Amino acid sequence: MSTDPRVLRDDAARRRIRRATDTTLFVNAGAGSGKTSALVDRIVTLVMDDGVPLRHVAAVTFTEKAGAELRDRLRGVFETRVREHDTGTPEHETATAALEDLDRAAIGTLHSFAQRILREHAIAATLPPLVEVQDEVASSVAFDERWAAVQVQLLDDDEMERPLLLALSAGVTLEHLRALMRRLGNDWDLLEDRVLAQPERPITVPDLGPLRRQMTELLDLRTHCRDENDKLLACFGPADEALAALADVTDEIAALALLRQISGLKFSFGRTPSWDVPVDDVKAAGRAVAEAAGAIAGEIVDRALRALTRWLAARVLESAQERRREGRLEFQDLLVLSRDLLRRDGDA
């Protein structure tokens with residue numbers, strides 16, 4: 001026996017994986033370390049020693065290839081056990097039963113396991129008798145078709161006109177909204193609680209009074225400049241024009257455009273000898289105005305995006321419900337519906 005302590009620790013871990021079938025184990029192992037072999041040993045122990053029928057064992061793998069490999073290795077082990085024991089012995093009968101169950105056993109990917117649950121309990125899952133599972137290509141094509149329809153609905157929805165115009169004026173594109181809809185679809189089961197259940201926040205013209213006062217105080221600092229050619233002084237012109245325009249703002253779109261303009265004002269350069277107050281204080285006051293305008297603009301855009309997200313979330317849920325009614329499920333649908341079925345049965 002090797003005296004390498006690492007080998008001894010590894011052997012102990014492998015024995016525990018194989019024999020400790022009465023407890024849950026989390027095994028962290030690298031590529032090529034023998035994870036599949038350890039899983040085969042554990043399943044064989046469950047079947048041959050613990051008397052658990054293979055049809056009652058679920059072995060979930062990450063890929064179909066890994067599932068096929070696991071199934072082939074189990075077949076080899078049970079065929080060997082059949083040859084090693086005489087006909088009529090408990091070991092022979094158990095191994096023979098395992099081979100008979102092998103092709104029907106729940107060995108494969110998580111999605112195939114979920115599909116198996118739903119297929120066997122279609123009525124309880126409120127699914128039609130025939131269920132089609134779309135692969136990634138079919139799901140992608142279906143999403144493109146959904147987005148084309150949703151995009152038309154969005155552009156025709158009068159209630160979404162203001163949020164959409166605000167988002168577009170802030171640089172959001174329809175492609176961004178398409179990507180958002182895809183992300184929402186990846187976790188559609190969370191939308192009801194985390195998006196649609198949240199209170200709506202109306203989009204209104206913000207109170208610009210505090211910003212106007214802040215800008216007025218900033219503009220008053222011009223009187224402290226002793227050099228009309230100072231570059232910092234030149235920055236006050238656009239700020240003065242923006243302040244005048246603030247008084248005429250009546251809608252959110254105009255407010256957003258003006259606020260983004262103010263947030264982009266740069267107060268820099270200025271020479272210390274040209275001012276009878278600290279020039280850094282003047283610059284800081286200018287940056288503070290820009291930051292305040294940016295914060296208000298961000299609040300407007302945030303509310304617009306929340307409204308769009310809420311609207312898209314409702315369309316995503318409608319699509320998921322339609323797929324369920326028609327029995328055209330995607331991979332995420334399999335996981336969500338099987339989970340909900342198991343939870344419901346568990347609560348019952």
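Okay, let's start with what I'm calling a salt bridge: a side-chain nitrogen of Lys or Arg within 4 Å of a carboxyl oxygen of Asp or Glu. Keep in mind that this is a predicted model.

With that cut-off, the search over the whole structure turns up 21 salt bridges. Let me walk you through a few of them.

Take Arg55 and Asp101. They form a salt bridge, and their closest N and O atoms sit 3.2 Å apart. Arg55 is in the loop between helix H2 (35-49) and strand S1 (58-61), while Asp101 belongs to helix H4 (residues 90-102), so this pair ties together parts that are 46 residues apart in sequence. And is Asp101 buried or exposed? Buried, with a relative accessible area of 7%.

Now over to Arg201. Its side chain meets that of Glu299 in a salt bridge, at 2.6 Å from N to O. Again we have distant parts of the chain being linked: Arg201 lies in the loop between helix H9 (191-196) and helix H10 (209-220), Glu299 lies in helix H14 (residues 279-326), and the two are 98 residues apart. Arg201 is partly exposed, with a relative accessible area of 36%, and Glu299 is partly exposed as well, at 31%.

Arg201 also forms a salt bridge with Asp302, with the closest N and O atoms 3.4 Å apart. Asp302 is in helix H14 too, and this pair spans 101 residues. At 26% relative accessibility, Asp302 counts as partly exposed. So which residues end up in one network because their salt bridges share partners? Arg201, Glu299, Asp302, Arg303 and Arg306.

Next up, charge on the surface. Asp156, Asp158, Glu159 and Glu161 gather there in a patch of negative charge. Glu161 is found in helix H7 (residues 161-169), and with a relative accessible area of 47% it's partly exposed.

Last topic: cysteines. How many disulfides does a search of the whole structure find? Zero. Look at Cys225, for example: the closest cysteine sulfur is in Cys235, 11 Å away, which is too far for a bond. The cut-off here is 2.5 Å between the sulfur atoms, so that pair doesn't qualify. From the other side, Cys235 is in no disulfide either, the sulfur of Cys225 being the nearest one to it. As for burial, Cys225 is buried, with a relative accessible area of 15%, and Cys235 is buried, also at 15%.

That's my tour. Over to you for comments.

Terms used. Residues numbered from 1 in each chain as written. Predicted model: local features only at pLDDT ≥ 70, side-chain atom pairs only at ≥ 80, totals over all residues. Heavy atoms only, no water. Patch = residues over 30% accessible without salt bridge, like charges linked within 9 Å, V, L, I, M, F, W, Y side chains within 5 Å. Areas by Shrake-Rupley, 256 points an atom, 1.4 Å probe, with all protein chains shown as cover. Lys, Arg positive; Asp, Glu negative; His and termini not counted. Charge placed at Lys NZ, Arg CZ, Asp CG, Glu CD. Helix = DSSP H or I, 4+ residues; strand = E, 2+ residues; numbered from the N terminus. Buried < 20%, exposed > 50% of the residue type's maximum accessible area, 1.4 Å probe, protein only.
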